[in-house]
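Subject: Structure handover

Hello,

Here is the structure I said I would pass on. Please open it alongside this email, as my notes on it come below.

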Amino acid sequence: LDAGMPPESLRLGSGDDQTASVMTRSGDHRSPTEILLAQEIGVSRPQILECQASQILEQSIPNISHDSTTTYLDLYYTYFHHAHPYLPPRRCFDVYIQTHRNQLEDLLVVLEFIASTYTPKGQSLSLKQAAINRMSQNDLPLTGFTVQALILLAISVHCCNGFELARSLLDRAISITLEIGMHFGLFAAANGNGDPVLEESWRRTWWGLYIVDGIFEAIRRSTSFMLWNVKNDVDLPCEEKEYDSEVKVRLKERRFFLLMFLGNS
């Protein structure tokens, strides 16, 4: 792969999952164990908000039922996300789960393993192995979500002293990143589905991969790292506190230029 030339197409495939209807659930179907866990960590039923102004006007997406997936996401976003903020903000990720779940299955397996570290029972070895097995498959989807899953799993495995496996997972994340052109600035817009939040998430993912690659090699006392010489033109991510406000600014800018265009046509 020539890292200096962008691939012909950077767009994610649009499948039936992108237009799948939202299934609503009534009642609380958690097991007694899940309810006890939620009470112990003090999590509450999340309020699902829309990520885009157009979504707010066009539809109203109901709350995700507080099942085991939601509980693990509560743990992940509370204790892990802020140190490695590659994924979209929680309220937006909840929406993506409902509209793009088929694209997120691998990532959700990794998030569940990471979240298990913060449960009263501690890290689940079975969830860890499930995540490793899942992300070691030869036919992983070539998407930004796969890159995110590989980075996060590599970090978690590295923290468990699995240095060689962590390096292998990260190398695969780098390989997919270069293949899909994530190191080019146009990747975010081409794969953001018109959502500035998702575009920002892709930029954060690239720079997160770049930094983690450097950290892994620094620990090994290497004088360089794989992505050091890869040319890129990805914008730097915004500050955490500006994540939402940055998105709002970009939405306003797009409306302004659209109105200018319509006014001059």
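The notes below start with the whole chain and then turn to particular residues.

Please keep in mind that this is a predicted model.

Overall make-up

The protein has 10 helices and 0 strands, so every entry in the order of elements from the N terminus is α. Of the 265 residues, 48% are buried. Among contacts with a separation of 6 or more, 70% are between residues 24 or more positions apart. The protein exposes about 14100 Å², and 54% of that comes from carbon and sulfur atoms.

Salt bridges

The count of salt bridges comes to 10. Three of them are described here.

Asp94 and Arg90 meet through their side chains at 3.0 Å, N to O. Because these two residues are 4 apart in helix H4 (residues 90-116), about one helical turn separates them. Both Asp94 and Arg90 are buried.

The side chains of Asp106 and Arg134 form another salt bridge, at 2.5 Å, N to O. This pair links distant parts of the chain, since Asp106 is in helix H4 and Arg134 is in helix H5, 28 residues apart. Asp106 has 14% relative accessibility and therefore counts as buried, while Arg134, at 29%, counts as partly exposed.

The third is between the side chains of Arg167 and Glu217, at 2.8 Å, N to O. Arg167 lies in helix H7 (residues 163-180) and Glu217 in helix H9, so this salt bridge ties together parts that are 50 residues apart in sequence. Arg167 counts as buried because its relative accessibility is 8%, and Glu217 is buried too, with a relative accessible area of 11%. Salt bridges with shared partners join Arg167, Asp171, Asp213, Glu217 and Arg220 into one network.

Helix H9

One member of that network, Asp213, lies in helix H9, which covers residues 196-219. Asp213 has a relative accessible area of 0% and is therefore buried. The Asp213 side chain makes a polar contact of 2.8 Å with the side chain of Arg167. Leaving out residues up to four places away in sequence, Asp213 touches Arg167, Leu170, Ile174, Phe225, Met226 and Leu227.

Ile211 is also a residue of helix H9. Together with Ile215 and Ile219, Ile211 forms a nonpolar patch on the surface, with about 280 Å² of accessible area among the three.

Aromatic pairs

A search of the whole structure finds 11 aromatic pairs. One of them joins Trp206 and Tyr210 and is tilted, with 6.1 Å centre to centre and 50 degrees between the planes. Trp206 and Tyr210 are 4 residues apart in helix H9, so about one helical turn separates them. Both Trp206 and Tyr210 are buried. Ring pairs also link Trp206, Trp207, Tyr210, Phe225 and Trp228 into a cluster.

Start of helix H5

Ser126 lies in helix H5 (residues 125-135). Is Ser126 buried or exposed? Ser126 is exposed, because its relative accessible area is 54% and the cut-off for exposed is over 50%. The side chain of Ser126 makes a polar contact with the side chain of Ser124, at 3.0 Å. Ser126 and Phe113 are 13 residues apart in sequence, and their C-alpha atoms are 8.5 Å apart in space.

Regards

Methods
Residues are numbered from 1 along each chain as its sequence is written. This is a predicted model: local features need pLDDT of at least 70, side-chain atom pairs count only at pLDDT 80 or more; totals for chains, interfaces and linings use all residues. Side-chain values use heavy atoms; hydrogens and water are left out. Buried means under 20% relative accessible area, exposed over 50%, partly exposed in between (1.4 Å probe, protein chains only). A polar contact is a pair of N or O atoms within 3.5 Å; within protein, one must be able to donate a hydrogen and the other to accept it, and residues adjacent in sequence count only if both atoms are side-chain atoms. Contact means heavy atoms within 4.5 Å. Patches are made of residues with over 30% relative accessible area and no salt bridge: like charges are joined within 9 Å, nonpolar side chains (Val, Leu, Ile, Met, Phe, Trp, Tyr) within 5 Å. Accessible areas come from the Shrake-Rupley method with a 1.4 Å probe; for residues, only the protein chains shown count as cover. A salt bridge is a side-chain nitrogen of Lys or Arg within 4 Å of a carboxyl oxygen of Asp or Glu. Rings of Phe, Tyr and Trp (its six-membered ring) pair if their centres lie within 6.5 Å; planes under 30 degrees apart count as stacked, over 60 as edge-to-face and the rest as tilted.
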